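Work through the exercises below with the sequence and the model open. Each task is followed by a solution in steps.

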Amino acid sequence: MGIIPVILLIAGLFLLAAGAEALVRGAARLAAFMGISPLVIGLTIVSFATSAPEMAVSVLSAISGQADIAVGNIVGSNILNVLLILGLSAAIAPLVVSRKLIRMDVPIMIGVSFLMLIFAYDEKISRAEGCILFSGIIAYTLFSIHQSKTEKSYRERQNSRKSDGDMETENRKIVTNLLLILGGLTSLVLGSQWLVRGASSIAKAVGVSELVIGLTVVAAGTSLPEVATSLVASIRGERDIAVGNVVGSNIFNILAALGLTGIAAPNGIAVSEAALRFDIPVMIAVAISCLPIFFLGYNISRWEGLLFLAYYVAYTAYLVLKSTQHAALPLFSTVMMAFVIPITAVTIITLLIRSLRRNRRG
């Protein structure tokens, strides 16, 4: 295999993380200066920026004819965001879930996940379907801005007490933030090229399919900004940001990243039968699982976080066993389908019923 693909993979991950950090910082500061409320920045600008690596990698993969990496990256990132990132964040400290997320953003995440399955049913996402998805992110962003209840914008408050010297300082800050955004985008493009090239070479060398590489290694790499944002938010006590970042990023991954990828791909995106029959349904199931768990007291407890982590480990193990055709695969699948998943489902349903009864009594 050689050392070069590994170096490309690691360097690509580093550039993606650095580029996303620069893009997040520049975009958030610029949006705040322009008067966009912090709530809207969190749900749109930051989520879009942290999803930029997925977008860059998927677009480049589709243009290069590596559709499995493009689709696997998006699907794998959405699964990882919920199971791994929320799981780790909740394991650190229980996460508070706002009612707005449950009433609007989580249902939207579930809805766009089903929409992806519908569009991919013919094993292809066309340019027209990509346009529909991308128009959805525009509508979602505009709706989020409309929902902002800020009485007085950040810019109005700042301009009311600015002198000429302050304005000159602000102009320098605008230029600095624009340079951060430009540098971040450049790093994302270069990093995505190296990551795709390295991941593809490694997949061919070890005999693992590009879909599995996209669902695991590439998905984990492009989700680094979400990992960093949610974990830091959880540690600092800003737990609503940890949840909102994951839900918002999942929405952006499908509508923006997949939509733009469908538009950019010369003949649309081919969706493999394996992804259509297993991985996309798993993504939908993970999205749906958020509703009952979030409803249980409007928080994610430590045991629920550990449950998410356990399922991500099981999902990754299944991918590895299946790709290598390991002898333990039949037993592993039987245990998961016959015991683990049903017991988990019954436990969540029971807790949900108890929670609803408590709410009615209260």
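**Exercise 1. Overview and confidence**

Task: State how many helices and strands the protein chain has, and where confidence in this predicted model is lowest and highest.

Solution. Start with the elements: the protein chain has 14 helices and four strands. Next take burial: 49% of its 362 residues count as buried. Then look at contacts between residues at least 6 apart in sequence; 85% of these join residues at least 24 apart. For confidence, the mean pLDDT of the protein chain is 78, and 80% of its residues reach 70 or more. The lowest confidence is in helix 7 (residues 154-159), with a mean of 50, and the highest is in strand 2 (residues 124-125), at 92. Over residues 150-155 the pLDDT falls below 50, and this stretch has ten contacts in the model beyond near neighbours in sequence.

**Exercise 2. Helix 9**

Task: Compare the end-to-end distance of helix 9 with that of a straight helix, and find where helix 9 bends.

Solution. Helix 9 covers residues 210-222, which is 13 residues. A straight helix would reach 18 Å at 1.5 Å a residue, but the end C-alpha atoms of helix 9 are only 15 Å apart. Now look for a bend: helix 9 has one of about 25° at Thr216. Finally, check how covered helix 9 is: eleven of its 13 residues are buried. Among them are Glu210, Leu211, Thr216 and Thr222.

**Exercise 3. Helix 4 and the largest nonpolar core**

Task: Decide whether the span of helix 4 agrees or disagrees with the expected one, and name the residues of the largest nonpolar core that touch the most other members.

Solution. Begin with the span. The 26 residues of helix 4 should extend over 38 Å at 1.5 Å a residue; the end C-alpha atoms are 36 Å apart, which agrees. Helix 4 nevertheless has a kink of about 35°, centred on Asn81. In helix 4, 21 of the 26 residues are buried, so this helix is largely enclosed by the rest of the structure.

Move to the core, which holds 82 residues; Ile79, Leu86, Val243 and Phe294 touch the most other members. Helix 4 (residues 67-92) supplies the largest share of this core, 13 residues. Take Val243 as an example: leaving out residues up to four places away in sequence, Val243 touches Leu86, Leu95, Val96, Val97, Leu101, Phe294 and Ile300.

**Exercise 4. The salt bridge in helix 12**

Task: Find the two side chains that meet in a salt bridge, and state whether each residue is exposed or partly exposed.

Solution. The count of salt bridges comes to one. The side chains that meet in it are those of Glu273 and Arg277, at 2.7 Å from N to O. Both residues lie in helix 12 (residues 273-295), four residues apart, or about one turn of the helix. Next, classify each residue. Exposed means over 50% relative accessible area. With a relative accessible area of 67%, Arg277 is therefore exposed. Glu273, at 37%, is partly exposed.

As a last step, examine helix 12 itself. Its 23 residues reach 34 Å from the first C-alpha to the last, close to the 33 Å expected at 1.5 Å a residue. Helix 12 bends by about 30° at Asp279, and the proline Pro281 follows within four residues.

**Exercise 5. Three single residues**

Task: For Ser187, Ala91 and Glu123, state the location of each and whether each counts as buried or partly exposed.

Solution. Take Ser187, which is placed in helix 8 (residues 164-206). The cut-off for buried is under 20% relative accessible area. Ser187 has 18% relative accessibility, so Ser187 counts as buried. Neighbours within four places in sequence aside, Ser187 is in contact with Leu15 and Gly19.

Ala91 is found in helix 4. At 27% relative accessibility, Ala91 counts as partly exposed. Not counting residues up to four places away in sequence, Ala91 touches Arg302, Leu306 and Leu309. Ala91 and Arg302 are 211 residues apart in sequence, yet 4.8 Å apart in space, C-alpha to C-alpha.

Glu123 is in the loop between helix 5 (99-119) and strand 2. Its relative accessibility is 38%, so Glu123 counts as partly exposed. The phi of Glu123 is near 65°, a positive value in a residue other than glycine.

Note on methods. Residues are numbered from 1 along each chain as its sequence is written. Side-chain values use heavy atoms; hydrogens and water are left out. Helices (H or I, at least four residues) and strands (E, at least two) are DSSP runs, numbered from the N terminus. The expected span of a helix is 1.5 Å times one less than its number of residues. The bend at a residue is the angle between axes fitted to the seven residues ending there and the seven starting there. Buried means under 20% relative accessible area, exposed over 50%, partly exposed in between (1.4 Å probe, protein chains only). pLDDT is the predictor's confidence in each residue, from 0 to 100. Contact means heavy atoms within 4.5 Å. A salt bridge is a side-chain nitrogen of Lys or Arg within 4 Å of a carboxyl oxygen of Asp or Glu. A nonpolar core is a set of buried Ala, Val, Leu, Ile, Met, Phe, Trp, Tyr and Cys residues joined through side-chain atoms within 4.5 Å.
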